[in-house]
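Work through the exercises below with the structure in view. Try each task before reading its solution.

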Amino acid sequence: MKPTRIVLGASLLLLLGAPAAAQGIDFRGWLSGERGLFAPDYITPSEHNPGYMIGGPQRVPGARGGRLMFAAASVDARCQQNGSPSVQVLMPPRNGRIAVDIGGFLATGIDGGSTYCLGRSVRGTRVFYLGRTPRRGDRFSIRVTFPTRGLTYDHEVVVPGR
């Protein structure tokens, strides 16, 4: 055998036989379908059936004490985060500001794809309203772009008044 084949074979055996570090590559688990290639906590679903979930006003901590008004997530068939949608403010609210972060929320609707995760807790991009609550309600418009297929949806969000 040539020395390069021996080195290549030994390297392959080391990669397949070595346990994965916290953020390392776990080839054994990935090849057997137990978990993701780079994230040991991620479970690779048996089917590719994404969901583009949205959520409305909820009481959740985050974004410097603002009120959660809207949330969006791209999820896989097991309701695991499959990238975070980007949010662009098209029309800001008159009486407040918008803050965006990544976190958990309850999926209450869909923009497309699978409905399996409806009513479940998912993780994605959350949009918060900061400022005083308007008397008659304020509104703002956002554009949500989902990462996996580049789907884009516009939403108008109404901030409930006092």
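Two strands pair if DSSP finds at least two bridges between them. Keep that cut-off at hand for the second exercise. The model is predicted.

**Exercise 1. Count the helices and strands of the protein, and give their order from the N terminus on.**

Solution.
- Start with the count: the protein has two helices and eight strands.
- Then read along the chain from the N terminus: the order is α-α-β-β-β-β-β-β-β-β.

**Exercise 2. Decide whether β2 and β6 pair, and in which sense.**

Solution.
- Locate the strands: β2 covers residues 67-75 and β6 covers residues 121-130.
- Look up the bridges: there are five between them.
- Apply the cut-off of at least two bridges. The strands pair, and the sense is antiparallel.
- Pick out one position: Phe 70 stands opposite Val 127 in β6.

**Exercise 3. Lay out the open sheet of five strands and find its edge strands.**

Solution.
- Write down the order: β4-β6-β2-β1-β5, with antiparallel pairing.
- Look for strands that pair on one side only: these are β4 (97-106) and β5 (109-113), the edge strands.
- Add the twist: neighbouring strands of this sheet are turned by 20° against each other on average, direction ignored.

**Exercise 4. Find the disulfide, and state its handedness and what it ties together.**

Solution.
- Recall the chemistry: a disulfide is a covalent bond between the sulfur atoms of two cysteines.
- Count: the structure holds one.
- Name the partners: Cys 79 and Cys 117, with sulfur atoms 2.0 Å apart.
- Place them: Cys 79 lies in the loop between β2 and β3 (86-91), and Cys 117 in the loop between β5 and β6, so the bond ties together parts 38 residues apart in sequence.
- Take the torsion about the S-S bond of Cys 79 and Cys 117: it is about -105°, so the disulfide is left-handed.
- Check burial: Cys 79 and Cys 117 are both buried.

**Exercise 5. Is His 155 buried or exposed, and which residues is it in contact with?**

Solution.
- Place the residue: His 155 lies in strand β8 (residues 152-159).
- Test the area: buried means under 20% relative accessible area. His 155 has 15%, so it is buried.
- List contacts, leaving aside neighbours within four places in sequence: His 155 is in contact with Ile 54, Phe 70, Asp 111, Phe 140, Ser 141, Ile 142 and Val 144.
- Single out Asp 111: a polar contact of 2.9 Å joins its side chain to that of His 155.

Methods: Residues numbered from 1 in each chain as written. Predicted model: local features only at pLDDT ≥ 70, side-chain atom pairs only at ≥ 80, totals over all residues. Heavy atoms only, no water. Helix = DSSP H or I, 4+ residues; strand = E, 2+ residues; numbered from the N terminus. Axes fitted to C-alpha atoms, helices over the stretch in contact; angles between N-to-C directions. Disulfide = S-S within 2.5 Å. Buried < 20%, exposed > 50% of the residue type's maximum accessible area, 1.4 Å probe, protein only. Polar contact = N/O pair within 3.5 Å; in protein donor to acceptor, adjacent residues only side chain to side chain. Contact = heavy atoms within 4.5 Å.
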